[in-house]
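Biologist: Could we go through this model together? I would like to begin with the charged side chains.
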Amino acid sequence: MEQTNKPKIKLGNGKKRSEKWMTASICLSEAHKHAFHYNGKDYISININISEQPNQYGKDVSITLNDYKKEEKLPF
């Protein structure tokens with residue numbers, strides 16, 4: 001499967017508070033554009049990345065859209 005270097009769609013960011021806890025905010029307006037419908041509910045698939053160094057605003061957690069699509073196999 002071929003990987004492309006598309007720009008990541010940023011949905012939010014946050015801060016790691018301890019080894020087992022982080023806080024974050026997600027932009028629902030942007031997230032809803034990429035939602036999929038399943039069993040009567042809307043979902044998005046996300047990547048949560050923890051940086052070793054915080055950014056200029058002190059945030060060390062980033063949330064991006066996981067837009068990975070499984071390769072469909074042809075029946076022949």
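Biologist: Which residue does Lys-6 meet in a salt bridge?
Modeller: In this predicted model, the side chain of Lys-6 meets that of Asp-67, with an N to O distance of 3.1 Å. Lys-6 belongs to the segment before strand S1 (10-18) and Asp-67 to the segment after strand S6 (61-65), so the bridge ties together parts that are 61 residues apart in sequence.

Biologist: And is Asp-67 buried, partly exposed or exposed?
Modeller: Asp-67 is partly exposed, because its relative accessible area is 30%, and the buried class requires a value under 20%.

Biologist: How many salt bridges does the structure hold?
Modeller: The structure holds 3 salt bridges. One of them joins Lys-16 and Glu-19, whose closest N and O atoms are 3.8 Å apart. Another joins Lys-33 and Glu-30, with the closest N and O atoms at 3.1 Å.

Biologist: How exposed are Lys-16 and Glu-19?
Modeller: Lys-16 is partly exposed at 29% relative accessibility. Glu-19 has a relative accessible area of 71% and is therefore exposed.

Biologist: What about Lys-33 and Glu-30?
Modeller: Lys-33 is exposed, with a relative accessible area of 60%, whereas Glu-30 is partly exposed at 22%.

Biologist: Let us change to aromatics. How many aromatic pairs are there?
Modeller: The structure holds 1 aromatic pair. It is formed by Phe-36 and Tyr-43, with ring centres 5.9 Å apart and planes at 25°. The pair counts as stacked because that angle is 25° and the cut-off for stacking is under 30 degrees.

Biologist: Are those two rings on buried or exposed residues, or something in between?
Modeller: Both fall in between: Phe-36 is partly exposed at 42% relative accessibility, and Tyr-43 is partly exposed at 35%.

Biologist: Now the backbone. What is the phi of Asn-39?
Modeller: Phi of Asn-39 is near 50°, a positive value in a residue other than glycine. Most residues other than glycine have a negative phi.

Biologist: Where does Asn-39 lie?
Modeller: Asn-39 lies in the loop between strand S3 (36-38) and strand S4 (41-43). Its relative accessible area is 64%, so Asn-39 counts as exposed.

Biologist: On to the surface. Which residues make the nonpolar patch?
Modeller: The patch of about 530 Å² is made by Met-22, Ile-26, Leu-28, Ile-46, Ile-48 and Ile-50. Strand S2 (21-26) and strand S5 (46-50) are the elements that give two or more residues to it.

Biologist: Which element gives the most?
Modeller: Strand S5 gives the most, with 3 residues. Ile-46 lies in strand S5 and is partly exposed at 30% relative accessibility.

Biologist: How much area does the whole chain expose?
Modeller: The chain exposes about 7,000 Å², and carbon and sulfur atoms supply 51% of that area. Buried residues make up 12% of the 76 residues.

Biologist: Finally, the fold. In what order do the elements run?
Modeller: The chain has 1 helix and 6 strands. From the N terminus on, the order is β-β-α-β-β-β-β.

Biologist: And what share of the contacts joins residues at least 24 apart?
Modeller: Among contacts between residues at least 6 apart in sequence, 44% join residues at least 24 apart.

How values were computed. Residues are numbered from 1 along each chain as its sequence is written. This is a predicted model: local features need pLDDT of at least 70, side-chain atom pairs count only at pLDDT 80 or more; totals for chains, interfaces and linings use all residues. Side-chain values use heavy atoms; hydrogens and water are left out. Patches are made of residues with over 30% relative accessible area and no salt bridge: like charges are joined within 9 Å, nonpolar side chains (Val, Leu, Ile, Met, Phe, Trp, Tyr) within 5 Å. Accessible areas come from the Shrake-Rupley method with a 1.4 Å probe; for residues, only the protein chains shown count as cover. A salt bridge is a side-chain nitrogen of Lys or Arg within 4 Å of a carboxyl oxygen of Asp or Glu. Helices (H or I, at least four residues) and strands (E, at least two) are DSSP runs, numbered from the N terminus. Buried means under 20% relative accessible area, exposed over 50%, partly exposed in between (1.4 Å probe, protein chains only). Rings of Phe, Tyr and Trp (its six-membered ring) pair if their centres lie within 6.5 Å; planes under 30 degrees apart count as stacked, over 60 as edge-to-face and the rest as tilted. Contact means heavy atoms within 4.5 Å.
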